[in-house]
Amino acid sequence: MMHKLFKPNLTPKEIIQMGSFGGTYFHPTDRNIDIDVNEFPPEWFMGLPTEFYYSKKYIRKVNYFKTKCGQSQEEWEKMGWINPIDPRGWFQWYCRYYMGRRCEDDDRQINRWLNFTGPNGRWRNYIYTQIHKNGGDISDESYSLGARQSLIHWGYKVNENDYKTWKNK
């Protein structure tokens, strides 16, 4: 069963608190696609300035790695990544899944996560390859910032245990 393989190492709260999506994720899009932040536990946003999650303009410095990454809502839609049940995409789905909702889109979204950052995911493998090429120091976060930030958006933070597992494959 695919759900047993779905193991993000960041919760939605941690993703928000660390700094993600340039602070724009919960702000209505130009086409008025909106997420009501009140749907989610207030502690997810506690102590954060509003621009960390409700900014109209993308703010790079809000992101954990202070870099811009990701694609626009329009690009997500063109790629067919949006299901109307979660019109703001994967992270909206993940927040709701984390809170206990199960729906017909779970398998598709979990498969997307696995392809992106699961144990054999292309971006997880990419970042560990980069770490290996740069001497294997997990604490050196001076390169591949866009990839690292994208992984955070997908609920994954690079860690020593996963790096060792990757290296020993």
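This is a dialogue in which a colleague asks how to read several features of a structure and a modeller answers.

Colleague: Before we look at any residue, what kind of model is this?

Modeller: This is a predicted model, and what I describe below is computed from its atoms.

Colleague: Let us start with helix 3, then; how many of its residues are buried?

Modeller: A residue is called buried when its relative accessible area is under 20%. Helix 3 spans residues 90-98, and because 8 of these 9 residues are buried, the helix is largely enclosed by the rest of the structure. The buried residues are Trp90, Phe91, Gln92, Trp93, Tyr94, Cys95, Arg96 and Tyr97.

Colleague: Against which helices do those buried residues pack?

Modeller: The buried residues of helix 3 pack against helix 1 (12-18), helix 4 (106-117) and helix 6 (145-153). Just after helix 3 comes Gly100, whose phi is positive, at about 115 degrees.

Colleague: How should I read a nonpolar core, and which residues touch the most other members of the largest one?

Modeller: One way to read a core is to look for the members with the most partners, and then for the elements that supply them. The largest nonpolar core holds 40 residues, and Phe26, Phe91 and Tyr128 touch the most other members. At least two residues of this core come from each of helix 1, helix 3, helix 4, helix 5 (122-133), helix 6 and helix 7 (160-167), while the largest share, 6 residues, is supplied by helix 3.

Colleague: With what is Tyr128 in contact, if its neighbours within four places in sequence are left aside?

Modeller: With those neighbours left aside, Tyr128 is in contact with Ile138, Tyr156, Val158, Asn159, Asp162, Tyr163 and Trp166.

Colleague: I would like to understand positive phi values as well; what is the general expectation for residues other than glycine?

Modeller: Most residues other than glycine have a negative phi. In this structure Phe21, which is not a glycine, has a positive phi near 55 degrees; Phe21 is placed in the loop between helix 1 and helix 2, and it counts as buried because its relative accessibility is 11%. Ser144 also has a positive phi although it is not a glycine, at about 55 degrees, and Ser144 sits in the loop between helix 5 and helix 6.

Colleague: How is a pair of aromatic rings described, and how many such pairs does the count give here?

Modeller: Such a pair is described by the distance of the centres and the angle of the planes. The count here comes to 26 aromatic pairs. One of them joins Phe6 and Trp113, with 5.1 Å centre to centre and 85 degrees between the planes, which makes the pair edge-to-face. Since Phe6 lies in the segment before helix 1 and Trp113 in helix 4, the pair ties together parts that are 107 residues apart in sequence. Both Phe6 and Trp113 are buried.

Colleague: Pro8 is found in the segment before helix 1 too; which residues does Pro8 touch, not counting those up to four places away in sequence?

Modeller: On that basis Pro8 touches Tyr94, Trp113 and Gly155. Pro8 and Phe65 are 57 residues apart along the chain, and their C-alpha atoms are separated by 19 Å.

Colleague: Where is Thr67 found, and is it buried or exposed?

Modeller: Thr67 is found in the loop between helix 1 and helix 2 (73-78), and it counts as buried because its relative accessibility is 16%. Not counting residues up to four places away in sequence, Thr67 touches Tyr58, Arg60, Leu145, Gly146 and Gln149.

Colleague: Finally, how do I read the empty spaces, and what lines the largest cavity?

Modeller: A useful order is volume, then lining, then the classes of the lining residues. The search of the whole structure finds 1 cavity of 30 Å³ or more, and the largest cavity contains about 50 Å³ of space. Its lining consists of Phe65, Glu141, Arg148, Leu151, Ile152, Tyr156, Lys157 and Val158, with 5 nonpolar, no polar and 3 charged residues.

Colleague: And what is the volume of the largest pocket?

Modeller: The largest pocket has a volume of about 990 Å³. Its lining has 34 residues, with Cys69, Gly70, Gln71, Ser72 and Trp76 nearest the centre. Helix 6 gives the most to this lining, with 4 residues, and by class the lining has 14 nonpolar, 13 polar and 7 charged residues.

Key: Residues are numbered from 1 along each chain as its sequence is written. This is a predicted model: local features need pLDDT of at least 70, side-chain atom pairs count only at pLDDT 80 or more; totals for chains, interfaces and linings use all residues. Side-chain values use heavy atoms; hydrogens and water are left out. Buried means under 20% relative accessible area, exposed over 50%, partly exposed in between (1.4 Å probe, protein chains only). Contact means heavy atoms within 4.5 Å. A nonpolar core is a set of buried Ala, Val, Leu, Ile, Met, Phe, Trp, Tyr and Cys residues joined through side-chain atoms within 4.5 Å. On a 1 Å grid over the protein atoms alone, a cavity is a set of points where a 1.4 Å probe fits but cannot get out, and a pocket is an open set with protein on both sides within 12 Å along at least five of seven lines; lining residues have an atom within 4 Å of a point. Grid points are joined across faces, edges and corners, and a volume is the space filled by probe spheres set on the points. Ala, Val, Leu, Ile, Met, Phe, Trp, Tyr, Cys and Pro count as nonpolar, Asp, Glu, Lys and Arg as charged, and the others, Gly among them, as polar. Rings of Phe, Tyr and Trp (its six-membered ring) pair if their centres lie within 6.5 Å; planes under 30 degrees apart count as stacked, over 60 as edge-to-face and the rest as tilted.
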